[in-house]
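Biologist: I've got the model open on my screen and I'd like to walk through it with you. Shall we start with the fold and then move on to the ligand?

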Amino acid sequence: MAPTRLGVVGHPVAHSLSPAFWEPALAHAGRDATFEAFDVPSAGFEAFIRELAVSGARGLNVTIPHKTAAYELADRRSNVAERTGAVNVVVFDGAEISGANTDAHGVAAALGDLGVTIAGVRALVLGAGGAGRAAVDALRSGSATVVVANRTRGRAEALGVEVIGWADVPLALPEIDVLVHTTSVGLDGKASVLDDSALREAAAGRLRTVLDVVYRPDETPLVHAARHAGLVAGDGLRMLVHQAAEAWRLFFGDEAPIEVMHAAAARAAGR
Ligand code: ATR
């Protein structure tokens, strides 16, 4: 039998860590499979996916900027994909394309790694883009009370949960148990969405845990500030690995070697 073909599609995709941790995981599990990175611009995305589907490939991870386009072209969608409007995994069955969203599982599992039991917590999500919607879905499905703040308020209001103003975040933070940050602020390693004093005040209140979905070779500015304030904090690397492990379940129907994935992802991220 020909090897199972998997991969990641994005534009650009050169920065993607996925091949660096999928390949060792596939080798560890003894799978006869390949994992390729496909750089495909938006204009060619649909044709690329349809062609790959009929070529016998098993499926793909889908990353920026194609998650909405993948949602639109999928023939079937998981419930989470329907609720978030974003597809980050496509699975092929001949020409039929199933779309799933494993980012929400990634958020829930990454919070679990930080010791959070989601049910009953009061959580604040910063950001209302694709990652923000996945975080809101994970928290709401896990029976947390969810509040969202986004720079552009209208985008948060579309999510159907309580919304607070962007400027009111420092004030609201001491009343929150868990903070999930999903904006792109901090990607440069410099700017942080919250200053140290806001985090210290929040830590004196209810706040205990911070998940930053951004990741960098070193600590993100938010993770650094949160740990400094005595909070439990983690970045997006484990979320990335957990969403991939859920994709593995969809591709193969069994469990991914998640610690192999995590170790390889950490190495590829420069740690
Ligand atoms: P993703 O799918 O990765 O979440 P996205 O849909 O482009 O990406 O969303 C980016 C998020 O970062 C949004 O919440 C965006 O806020 P707006 O909706 O107001 O654009 C947020 N964001 C980006 N730059 C920001 C900044 N400088 N300050 C605050 N929020 C910012």
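Modeller: One definition before we start: two strands pair if DSSP finds at least two bridges between them. And keep in mind that this is a predicted model.

Biologist: Fine. Which strands stand at the edges of the open sheet?

Modeller: The open sheet has six strands with mixed pairing, in the order E2-E1-E3-E5-E6-E4. An edge strand has a single partner strand, so one side of it is left without a neighbour in the sheet. That description fits strand E2 (33-39) and strand E4 (76-77).

Biologist: And what is the bridge partner of Asp 93 in E6?

Modeller: Strand E5 covers residues 89-93 and strand E6 covers residues 96-100. The two run antiparallel and are joined by five bridges. For Asp 93, the partner in E6 is Glu 96.

Biologist: Now the odd bits of backbone. Which residue does a cis peptide bond join to Pro 12?

Modeller: Most peptide bonds are trans, so a cis one is worth a look. Pro 12 sits in the loop between strand E1 (4-10) and helix H1 (18-28). Omega there is about -5 degrees, and the residue joined to Pro 12 is His 11.

Biologist: What is omega for the cis bond between Ile 64 and Pro 65?

Modeller: Look in the loop between strand E3 (59-62) and helix H3 (67-73), where Pro 65 is found. The cis peptide bond joining Ile 64 and Pro 65 has an omega of about 5 degrees.

Biologist: What about Ser 143, is its phi positive or negative?

Modeller: Most residues other than glycine have a negative phi. Ser 143 is in the loop between helix H6 (130-141) and strand E8 (145-149). Although Ser 143 is not a glycine, its phi is about 70 degrees, which is positive.

Biologist: On to the ligand. How many charged residues are in the shell around it?

Modeller: The ligand is surrounded by 13 residues, and the closest include Gly 130, Asn 150 and Arg 151. By class, the shell has four nonpolar and seven polar residues, while the charged ones number two.

Biologist: How much of the ligand's accessible area does the protein cover?

Modeller: Start with the contacts to ligand oxygen atoms: a polar side-chain atom of Thr 152 lies 2.5 Å from one. Backbone polar atoms take part too, with Gly 130 at 3.0 Å and Ala 131 at 3.1 Å. On its own the ligand has 640 Å² of accessible area, and the share covered by the protein is 68%.

How values were computed:
Residues numbered from 1 in each chain as written. Predicted model: local features only at pLDDT ≥ 70, side-chain atom pairs only at ≥ 80, totals over all residues. Heavy atoms only, no water. Near = heavy atom within 4 Å. Polar contact = N/O pair within 3.5 Å; in protein donor to acceptor, adjacent residues only side chain to side chain. Areas by Shrake-Rupley, 256 points an atom, 1.4 Å probe, with all protein chains shown as cover. Nonpolar A, V, L, I, M, F, W, Y, C, P; charged D, E, K, R; others polar. Helix = DSSP H or I, 4+ residues; strand = E, 2+ residues; numbered from the N terminus.
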